[in-house]
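Student: I should like to understand how the terms used for a protein model are justified. May we go through them one at a time?

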Amino acid sequence: MYLYGLTLQQATGVVCATYGNFVGGKSQEIIVARGKVLDLLRPDDRGKLQTLLSVEVFGAIRSLVQFRLTGSQKDYIVVGSDSGRIVILEYNKEKNIFEKIHQETFGKSGCRRIVPGQYLAVDPKGRAVMIGACEKQKLVYVLNRDTSARLTISSPLEAHKSHTVVYSIAGVDCGFDNPIFAAIELDYSEADQDSTGQAASEAQKHLTFYELDLGLNHVSRRWSEPIDNGANMLVTVPGGGDGPSGVLVCAENFVIYKNQGHPDVRAVIPRRADLPAERGVLIVSAATHRIKSIFFFLLQTEYGDIFKVTLEHDNDRVSELKIKYFDTIPVTTAMCLLKSGFLFAASEFGNHALYQFQGIGDGDDVEASSATIMETDEGFQPVFFQPRGLKNLIKIDQVESLMPIMDMKVINLFEEETPQIFTLCGRGPRSSLRILRPGLAVSEMAVSQLPGVPSAVWTVKKSASDEFDAYIVVSFANATLVLSIGETVEEVSNSGFLDTTPSLAVSLLGEDSLMQVHPGGIRHIREDGRINEWKTPGKKTIVKVGSNRSQVVIALSGGELIYFEMDETRQLMEVEKHEMTGDVACLDIAPVPEGRKRSRFLAVGSYDSTIRILSLDPDDCMQVLSMQSVSSPPESLLLLEVQASVGGEDGADRPASVFLNAGLQNGVLYRTEVDMVTGNLSDTRSRFLGLRPPKLFACMVRGRRAMLCLSSRPWLGYIHRGHFLLTPLSYETLEYAASFSSDQCAEGVVAVAGDALRVFTIERLGETFNETVVPLRYTPRKFVLHPKKKHLVIVESDQGAFTAEEREAARKECLEAAGLGENGNANADQMQENGDDEEKEDPLPDEQYGYPKAESDKWVSCIRVLDPRSGNTTCLLELQDNEAAFSVCTVNFSDKEYGTLVAVGTAKGLQFWPKRQVSVGFIHIYRFVEDGKALELLHKTQVDGVPLALCQFQGKLLAGIGPVLRLYDLGKRKLLRKCENKLFPNTIVSIHSYRDRIYVGDIQESFHYVKYRRDENQLYIFADDSVPRWLTASYHIDFDTMAGSDKFGNIYFVRLPQDVSDEIEEDPTGGKIKWEQGRLNGAPNKMEEIVQFHVGDVVTCLQKASLIPGGGECIIYGTVMGSLGALLAFTSREDVDFFAHLEMHMRQEHPPLCGRDHMAYRSAYFPVKDVIDGDLCEQFPTLAPDLQRKIADELDRTPGEILKKLEDVRNRII
């Protein structure tokens, strides 16, 4: 079995981020690392974040930093990854790629303790960079430029210190003196030698300054001083004339300013009033704002509160450090503060956000200062504050993030054409159920009812120079309605259009005249209101029409074509006639190319399933240039011109080209390129769009012509980052559409469906899925589907939080207390100003502020029944007494008294530290009441561990409780034990069953195959895996095969050899299983690993599904970083050979960006086996054209054929 692995939705979580001028010019961009993907983002004029470039680097990005050489206009990016190499990248604006400037090897690959890559720091003047490991090794590279102004890098200078753990490093700003780097270090050499543990408890963190002597080319330890043991982060303070230099040390509960030869300046971090006393406050992310010599810092705590830190200084002496409450936003991994007044917050979990500054924290909020710090016998006096609504920041955009995906199911619940992906995402109060649909999101601007059922709609401008459309023209069976577009849309009768007849086409002719084509003729409306009519000869009527700004071709009944062209006097003149052999099915003229008088090509589709390209040149007018037969009569044609571009259709530089798109009656979209000189057709692609024949319309997307295809659902064909994408829109079936532009909506679409007129715009281009979000209360763990009623049952649980009642009581108390203080009044004013219901309801929403923290051994949990159609929760049961739910399944017991029941596995008082323990576990049995909308507890059964896995099996319930697999039946008061097997190594985390086989997943020992002998009522383990695997997800593929994933980011399939499987099934007495000896301390038989692939991200859920009608079945997986991927099984050996060779050539010709070897990355833990990496193959279009041709020649193909293969295999998945 060979599989093709493809990422469908790139990781949405962010590991680290940095910002700078990478493109060159005034604007600032943000670079984010999403695990193994590097993205370049930029806020546009409207404050929406746009992705300029996204690159898969096939390696784990651990740190990012930007630097600029003195006097240059552009920033470089240094990347620390798991490749054992330091990589410096530059963004190339012309080619829209990251170019690797330098790649220096210093150690082994992989994330190791002593190989640098975890930490990066750069000298603020861009003269040197330090790359550090978690322990021991730190290397410094000197950066310079050669005579031709290219960046050079020195050989590494060592700053190692053995037996030392590093917590953070930063560059110290000391102007143009020797570069200095600061590090928080902990020496554990004594703790290693001392077995009593005394030295370990006395170990002390130090702040160490390393100096790079540029003259001697040597790094030395310049200064070291003990600091708080809670220190976790360093922030560079501006220096060199702009500030006092030195660093801010962020420690637990304190921020301390330190510099060599300067006394400590310490201030307390204000803490929330409701925080338990034993909990400290740590800073998790920081951003610095500096304009000339004015600077301040924004520091965010682990609870999401942002503080503004300012220093009172005189030259290089700091007299006071102030920490003032600024605002509260969800906890971030990185904050980027742009000069344009934006703050990009890369959230730790959940959606990322872009904020704009409304103020810079000059109000009278709670402030702690080094001048007012109070020391008592018990330590320093804390400063308390109460969070409030946003005052200094305002959210203007958000980037959806699925991180982390906890569970996923692919089901077609809504009877749509494609299934929906239901994912449980997020953590704590920011968790959600997200329903993903393949396609682009659409936002509806307006819907209005029309007096009848329209057949077509057009929009026209009054003159070519107008920015916006003037009329919407709607055609009915026997009339035409003209609506003018202004402040409102209203009917007009003085437009010059004939309204007593249906219309076939309405468009702008020349610079400023309008044309209406109706069955009886052509009506040409001049700008001064004069009307010219052309009537059809005899009893013939016009059936089809194609036109652009200066040419019109009409098809009369019987198959006669008549070609008109505008002359110098702006009259429409008949030029040529042409008889076709039969009736014309459809026709289209390409738009007039820039700088030309007319378009050269006319495409005509006939009912005999052919498409002809005719010339409109005066020399060979109406001559057939080429002909193509297709599988079904064409319904609609569209000639789409692609402007000359750099990095065009396939990433290469291309001249302008024309593509012929045809919607056929069998629902297929047929796409082929038209040669600009000869008119020949080449490079054909086809794709099935839906059950209705696609109708094709041109529309504008981001200033470029794009194609709207209306089949049983709408599709959009557009160019995105140099690739042509054909993506469905998540919208209902439409009949007819036209592009729409007004002052409220610059790039929209107006369409008709039924008797309604709809105006909508298309949101974020380039996305694979769009989502509907249903918020949840706690971190979701698992969910199941009610088989008949199609309701979802979700279990959610959180550690260290209060129950809903306790939270409500505390909040009331808080608001009453705050109502007396300044913040409360501010809130009250704010509410009156906004006058918004939501604001009145909840001034401090939990999604933004997080839940108040409780002791770590306190759990909250709930079981929710949710109707996915409406998104309403029909039942919510909060668990009491410190119980938390971890597993759920539906079960039908043999006695059919209650029908479908829900089993939920819970644990009471679960603790993970200092060692894992649980006071008691339970299995709750609920039955559905109120027609499946609510749950009622039947009984709960006490068990002696945490039931992490439950599964229905032959009318009974299988439970995995610690290392025991137990079979239960339903009793009146509790569950009754029927049989058990205690021979599992550690903890059972997953159970699947099929016929009389049970597939059990152990937390660290992979899969065990178990057989249930009914006659003996015994469970026998007959096969297991020879490789220890820390399971995170599992899925049953077939009778002998299981798919699993481990916590190191691998997906693997194991299969029981056929002969062993047959032997076990044919064992009539069962004696063989019973007395067989185990091998290697395990089961008597071992499974074979048939597939192995390193995804590079922890996979949390697996599911077998087909995402498109008629597509191949694939394994869909979801990961912790919020990405979705698919593994598709190849059906032919020929495809396997082709893609294996393409992958091999791509590995050689296009090595990954961050220096990791592709083969080694995909084999990071086990050698990759029988999986072809689609993500690497899909980088083929981004290669330079000569490199594409070189690879294509090696494969005996053309680049076009390779692109077609890549497109075909992708279309089989989604």
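Tutor: Let us begin with domains: their bounds come from an automatic or database domain assignment. In this predicted model, the protein chain is divided into domain 1 (61-226), domain 2 (264-399), domain 3 (453-694) and domain 4 (1116-1213). The centres of domain 1 and domain 2, taken over C-alpha atoms, are separated by 27 Å.

Student: What makes the protein chain as compact as a globular protein of its length?

Tutor: The protein chain has 13 helices and 92 strands. Its radius of gyration is 34 Å, and the globule rule gives 33 Å for 1214 residues; the two values are close, so the chain is as compact as a globular protein of that length. The C-alpha trace spans about 110 × 90 × 70 Å along the principal axes.

Student: How many of the residues count as buried, and what does the chain expose?

Tutor: Of the 1214 residues, 57% count as buried. The chain exposes about 49,700 Å², of which carbon and sulfur atoms supply 48%. As for contacts between residues at least 6 apart in sequence, 55% join residues at least 24 apart. The charges may be added here: the mean positions of the 130 positive and 166 negative charges are 3 Å apart.

Student: Why is Val-55 called buried?

Tutor: Buried means under 20% relative accessible area. Val-55 has 17% relative accessibility, and therefore counts as buried. This residue is found in strand E5 (residues 49-56).

Student: Which residues are in contact with Val-55, leaving aside its neighbours within four places in sequence?

Tutor: They are Lys-36, Val-37, Leu-38, Asp-39, Phe-98 and Leu-1153. By contrast, a contact requires heavy atoms within 4.5 Å, and Thr-328 is absent from that list. The C-alpha atoms of Val-55 and Thr-328 are separated by 32 Å, with their positions 273 residues apart along the chain.

Student: Is Ile-794 buried or exposed, and how do you know?

Tutor: The relative accessible area of Ile-794 is 0%, so Ile-794 is buried under the 20% cut-off. Ile-794 is found in strand E69 (residues 792-799). Beyond residues up to four places away in sequence, Ile-794 touches Leu-424, Leu-776, Pro-780, Lys-782, Phe-783, Cys-862, Ile-863 and Arg-864. One of these, Phe-783, is eleven residues from Ile-794 in sequence and 4.3 Å away in space, C-alpha to C-alpha.

Student: Why is Thr-541 called partly exposed?

Tutor: Partly exposed covers the range between the 20% and 50% cut-offs. Thr-541 has 34% relative accessibility, so it counts as partly exposed. Thr-541 lies in the loop between strand E47 (531-535) and strand E48 (542-547). Not counting residues up to four places away in sequence, Thr-541 touches Pro-519, Ala-555, Leu-556 and Ser-557. Thr-541 and Gly-558 are 17 residues apart in sequence and 9.2 Å apart in space, C-alpha to C-alpha.

Student: What makes Asp-608 partly exposed, and where is it found?

Tutor: At 43% relative accessibility, Asp-608 counts as partly exposed. Asp-608 is found in the loop between strand E53 (601-606) and strand E54 (610-615). From Asp-608 to Val-442 there are 166 residues in sequence and 37 Å in space, C-alpha to C-alpha.

Student: What is notable about the phi values of Arg-702 and Asn-1017?

Tutor: Phi of Arg-702 is near 50°, a positive value in a residue other than glycine. Asn-1017 likewise is not a glycine, yet has a positive phi of about 55°. Arg-702 is placed in the loop between strand E60 (695-701) and strand E61 (704-710), and Asn-1017 in the loop between strand E82 (1006-1013) and strand E83 (1018-1024).

Student: Why is each of these two residues called partly exposed?

Tutor: Arg-702 has 45% relative accessibility, so it counts as partly exposed. Asn-1017 has a relative accessible area of 27% and is therefore partly exposed.

Student: Where are cis peptide bonds found, and what are their omega values?

Tutor: One joins Met-403 and Pro-404, with omega about -15°. Pro-404 has its place in the loop between strand E35 (393-399) and strand E36 (405-411). Another joins Trp-913 and Pro-914, with omega about 0°. Pro-914 is found in the loop between strand E73 (900-908) and strand E74 (920-929).

Methods
Residues are numbered from 1 along each chain as its sequence is written. This is a predicted model: local features need pLDDT of at least 70, side-chain atom pairs count only at pLDDT 80 or more; totals for chains, interfaces and linings use all residues. Side-chain values use heavy atoms; hydrogens and water are left out. Helices (H or I, at least four residues) and strands (E, at least two) are DSSP runs, numbered from the N terminus. The radius of gyration is taken over C-alpha atoms; the globule rule is 2.2 Å times the number of residues to the power 0.38. Buried means under 20% relative accessible area, exposed over 50%, partly exposed in between (1.4 Å probe, protein chains only). Accessible areas come from the Shrake-Rupley method with a 1.4 Å probe; for residues, only the protein chains shown count as cover. Lys and Arg count as positive and Asp and Glu as negative; His and the chain ends are not counted. The place of a charge is taken as NZ of Lys, CZ of Arg, CG of Asp or CD of Glu.
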